[in-house]
Structure formats: C-alpha cells, structure tokens
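Trainee: I'd like a close look at one part of this model: the surroundings of the ligand. Start with whatever vocabulary I need, and fill in the rest of the chain as you see fit.

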Amino acid sequence: MRIDIITVLPELLKSPFEASIMKRAIEKGKVRVYFHNLRDYTSNAYKTVDDYQFGGGAGMVLLIEPIDKCISELKSHREYDEIIYMTPDGERLQQRSANSLSLKKNIIILCGHYKGVDQRVRDLFITKEISIGDYVLSGGELGAAVLCDAIIRLIPGVIGDETSALSDSFQDNLLAPPVYTRPSDYKGHKVPEILLSGNFPKIENWREEQAYLRTKNLRPDLLNED
Ligand code: ADE
C-alpha cells in the first residue's frame with residue numbers, strides 16, 4: 001500500500017510514522033508513506049498557500065491551485081483508489097471504513113487547515129471526506145495520523161499475531177473483553193478463575209460473553225448497528 005499525504009505542516013505529522021507499529025510497517029515494506037508540502041507546489045515567490053475568503057469573514061482558505069498541482073502530479077504517476085480530505089464535517093471514522101481502506105493500493109490524504117479548502121477542491125478531486133470526531137482540530141494532520149494508524153495496523157503482516165487486529169474492539173461491533181496478565185493475584189485482586197483453567201473453549205465462551213456485557217453496558221448503541 002502507498003499513502004501520499006498533502007499538508008502545509010509535514011513536521012506536525014512525521015513523528016507518529018517514526019515510532020511503533022507504523023514505523024515497523026514501513027520498515028517491513030508493508031506500506032510506503034510520502035509527505036508532500038503544499039508550499040512546494042505554489043507558483044508565487046512568497047509560497048502562499050491560502051487567501052481570504054470571497055464574501056468576507058474570518059479565517060484563511062487553502063488555495064485550489066497548489067492542491068491541483070500536487071494531486072495532478074501524483075495522479076500522473078499512478079491511479080489512486082481514494083482521495084481523502086480530512087475535515088470535521090466529513091463522515092465519522094469507524095472501524096468499518098478503516099478495514100476497507102486497509103485493502104486499497106494507493107490513497108491520497110489531504111489535510112485541511114485554517115477555514116478549510118476552496119470548495120472546488122472538494123467538488124473536483126475528493127472522493128471521500130473523513131472526520132475523526134465531532135470536534136475541531138487546528139488542521140487535518142493529527143486526524144490523518146489517526147486515520148493512518150487505524151489503517152496501517154490492519155494491513156496483513158503488520159501486526160505479528162494475525163488474529164490480533166481482528167479481535168480488537170469494534171470488529172463485529174463489539175468492544176473487546178477484559179484482559180489480564182501476571183500476577184494472578186495483585187494485593188488480593190484476583191484474575192477471573194476461568195482464565196487460569198486451561199479450558200480454552202470455555203475461555204472463548206467467557207470472552208464472548210464479557211464482550212457482549214461490556215458493549216451492552218458501555219456502548220449499547222453498537223448493538224443496534226448492522
Ligand atoms: N480537521 C479539523 N478537525 C478535524 C476532525 N475532527 N477530523 C478530521 N480532520 C479535521
């Protein structure tokens with residue numbers, strides 16, 4: 001998989017890709033991530049990437065021209081499955097869309113900034129708009145890092161234990177069951193007996209039951225989704 005990220009602040013984005021699972025996925029060759037600084041695609045001496053909005057009002061708007069140049073340059077080299085725009089008014093990110101994006105070959109992620117981008121960018125180039133939650137960030141960069149983490153960990157071979165990602169919370173619309181590790185008794189607080197029993201079918205049943213109970217208590221809305 002290849003991910004191209006277009007941003008005015010590449011330095012805000014880079015460090016999550018230099019640590020942990022995303023770093024490992026890049027080192028293993030499971031994913032290639034490229035950062036494109038919008039300022040490199042400007043045609044004026046001041047490298048301006050934004051301007052005031054027509055009609056007046058506070059806040060700057062990202063210009064269409066450098067975005068067009070950058071996306072056109074990328075598209076001249078390969079086909080893209082999705083061109084995603086990170087924005088608080090996009091579709092809320094869910095495990096389901098992370099699953100399907102993890103199967104794509106090439107994607108572009110455009111990070112919004114200031115007041116957003118010229119609407120014509122959204123109309124002409126964007127195939128999918130994603131929000132990571134109902135709150136406003138200063139830009140799409142942190143959202144893009146969250147989206148990439150959610151996608152990259154699902155690429156086959158990225159997480160050592162292949163079944164691990166599939167047993168995460170939200171797969172099957174259920175939260176994950178509680179997990180425990182040593183010691184089995186910490187200051188009198190004991191691990192559930194069943195987990196020490198060695199009876200794996202029973203343990204599996206217990207986990208399913210716990211996942212259901214946890215979901216019912218904490219996120220009953222998930223049980224009503226299809
Ligand atoms: N840019 C600003 N706020 C955002 C959000 N909540 N999700 C994605 N991108 C954003």
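Mentor: One bit of vocabulary, then: a residue is buried when its relative accessible area is under 20%, exposed when that is over 50%, and partly exposed in between. Keep in mind that this is a predicted model. To try the terms out, take D221, whose relative accessible area is 36%, so D221 counts as partly exposed. D221 belongs to helix α9, residues 220-223, and its side chain has a polar contact of 2.9 Å with the side chain of R219. D221 also has a C-alpha to C-alpha distance of 9.5 Å to N173, with their positions 48 residues apart in sequence.

Now the ligand. Around it you find M86, T87 and P88, then I130, S131, I132 and G133, and then Y135, V136, L137, G139 and G140. Sort that shell by class and you get 7 nonpolar and 5 polar residues, with no charged ones. What does the backbone do here? Three residues bring a backbone N or O atom up to a nitrogen atom of the ligand: Y135 at 2.8 Å, I132 at 2.9 Å and T87 at 3.3 Å. On its own the ligand would expose 260 Å², and the protein buries 97% of that. As for which elements build the shell, β5 (82-92) and β7 (128-131) each give two or more residues. The biggest contribution is that of β5, with 3 residues.

Moving on to H113, you'll find it in the loop between β6 (106-111) and α5 (119-124). Its relative accessible area is 10%, which is under 20%, so H113 is buried. The side chain of H113 pairs with that of E141 in a polar contact of 3.1 Å.

There's also a pocket to look at. The largest one has a volume of about 400 Å³. Its lining counts 14 residues, and S167, A176, P177, E204 and R207 are the closest to the centre. Helix α8, residues 200-218, supplies the largest share of that lining with 4 residues. By class, this lining holds 7 nonpolar, 2 polar and 5 charged residues.

Last, a few spots where the backbone deserves a second look. R182 and P183 are joined by a cis peptide bond, omega about 0°, and P183 sits in the loop between α7 and β8. S184 is in the loop between α7 (162-166) and β8 (185-186), and at 38% relative accessibility it is partly exposed. From S184 to N217 you count 33 residues in sequence and 26 Å in space, C-alpha to C-alpha.

Then come two non-glycine residues with a positive phi. For S20 the angle is about 60°; S20 lies in helix α2, residues 20-27, and with a relative accessible area of 52%, over the 50% mark, S20 is exposed. For K47 the angle is about 55°; K47 belongs to the loop between β2 (32-37) and β3 (50-52), and its 42% makes K47 partly exposed.

Conventions. Residues numbered from 1 in each chain as written. Predicted model: local features only at pLDDT ≥ 70, side-chain atom pairs only at ≥ 80, totals over all residues. Heavy atoms only, no water. 1 Å grid on protein atoms, 1.4 Å probe; cavity = no way out; pocket = protein on both sides within 12 Å on 5 of 7 lines; lining within 4 Å. Points joined across faces, edges and corners; volume = space filled by probe spheres on them. Nonpolar A, V, L, I, M, F, W, Y, C, P; charged D, E, K, R; others polar. Near = heavy atom within 4 Å. Polar contact = N/O pair within 3.5 Å; in protein donor to acceptor, adjacent residues only side chain to side chain. Areas by Shrake-Rupley, 256 points an atom, 1.4 Å probe, with all protein chains shown as cover. Buried < 20%, exposed > 50% of the residue type's maximum accessible area, 1.4 Å probe, protein only.
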